[in-house]
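Reader: Hello! I would love a close look at one part of this protein, with the surroundings brought in wherever they help.

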Amino acid sequence: MNIFIFQTTPGWMAGAWTEAGLKALALPQESPEAALEKLAAKLKARLSLLPAPAPAVGLLPAPAPAVGPAGTLVEEIEHYFSGVKVSFQTPVDWSGYTSFQRRVLEMVRTVPYGETITYGQLARESGSPRGARAVGGVMRANRTPLVIPCHRVLAAGGALI
């Protein structure tokens with residue numbers, strides 16, 4: 001597993017990459033250390049046991065040259081935070097997810113930018129018509145926010161849960 005940290009306009013982010021794809025992504029934090037702590041929590045690992053991160057890719061004030069899949073992800077996130085509609089193409093490492101979780105997360109990944117879906121709709125579309133609460137649990141287990149846009153899933157009344 002490779003760990004990388006980078007700076008975005010809203011703050012520092014950290015990610016974990018495996019040969020299969022993006023394993024986890026920490027949303028913006030105030031410092032690189034805080035981003036790494038959030039990443040460790042998503043991976044359910046102690047920070048001291050994670051591999052040393054690659055040198056930070058600073059987007060501020062000027063982007064460092066982006067290379068490889070992590071570099072592509074950093075570019076996509078930079079565009080996202082600047083208001084550009086992004087369809088993340090980053091491969092995801094699905095290991096550790098159940099088949100139900102993967103099915104739900106793959107469906108969420110297809111929700112277009114600017115659109116939303118409810119927990120109930122997502123449950124019905126994933127073959128579990130009474131599984132809205134289970135879908136909520138899957139959203140909480142999402143290790144790769146933004147890439148899998150769980151923020152586009154709302155309660156029936158339109159509220160975030």
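Reader: Could we start from Thr8: is Thr8 buried or exposed? Please walk me outward from there.

Author: Happy to. One word of caution to begin with: this is a predicted model.

Thr8 is buried, since its relative accessible area is 2%, and the cut-off for buried is under 20%. Thr8 belongs to strand 1, which covers residues 2–8. Its side chain has a polar partner on the backbone: the side chain of Thr8 comes to 2.7 Å from the backbone oxygen of Gly11. Gly11 brings us to strand 2, which covers 11–18.

Strand 2 has a partner of its own. Strand 2 and strand 3 run antiparallel, and 6 bridges join them. If you would like one pair to find on screen, take Trp12, whose bridge partner in strand 3 is Gln29. The two strands make a hairpin, with 2 residues between them.

Now look at what lies against these strands. The buried residues of helix 1 pack against strand 1, strand 2 and strand 3. Helix 1 spans residues 32–42, and its buried residues are Ala35, Leu36, Leu39 and Ala40. These four sit on the same side of helix 1, because they cover an arc of only 140 degrees around the axis. The general rule behind such a pattern is that an α-helix has 3.6 residues a turn, so residues three or four places apart point the same way. Turn to the other side of helix 1 and you meet Glu37 and Ala41, which are exposed.

Follow the chain past helix 1 and you come to Lys44, which has a positive phi, near 55 degrees. Lys44 has this positive phi although it is not a glycine. Lys44 is in the loop that lies between helix 1 and strand 4 (54–58), and it is exposed, with a relative accessible area of 78%.

A second residue makes a nice companion to Lys44. Leu146 also has a positive phi, near 75 degrees, and is a residue other than glycine. Leu146 lies in the loop between helix 5 and strand 6. Leu146 is buried, with a relative accessible area of 8%, whereas Lys44 is exposed.

Helix 5 and strand 6 turn up again when we look at helix 3. Helix 3 runs over residues 99–109, and its buried residues are Phe100, Gln101, Val104, Leu105, Met107 and Val108. They cover an arc of only 155 degrees around the axis, so they are on the same side of helix 3. Among the elements that cover these buried residues are helix 4 (119–125), helix 5 (132–141) and strand 6 (153–154).

Helix 3 has one more thing to show you. The structure holds 1 salt bridge, and Arg102 forms a salt bridge with Glu106, with the closest N and O atoms 2.9 Å apart. Both residues lie in helix 3, 4 residues apart, or about one turn of the helix. Arg102 counts as partly exposed, at 36% relative accessibility, and Glu106 is partly exposed too, with a relative accessible area of 34%.

To come back to your starting point, Thr8 is a buried residue in strand 1, and strand 1 is among the strands that the buried residues of helix 1 pack against.

Methods:
Residues are numbered from 1 along each chain as its sequence is written. This is a predicted model: local features need pLDDT of at least 70, side-chain atom pairs count only at pLDDT 80 or more; totals for chains, interfaces and linings use all residues. Side-chain values use heavy atoms; hydrogens and water are left out. Buried means under 20% relative accessible area, exposed over 50%, partly exposed in between (1.4 Å probe, protein chains only). The arc is that of the directions from the helix axis to the C-beta atoms. Contact means heavy atoms within 4.5 Å. A salt bridge is a side-chain nitrogen of Lys or Arg within 4 Å of a carboxyl oxygen of Asp or Glu. A polar contact is a pair of N or O atoms within 3.5 Å; within protein, one must be able to donate a hydrogen and the other to accept it, and residues adjacent in sequence count only if both atoms are side-chain atoms. Two strands pair if DSSP finds at least two bridges between them.
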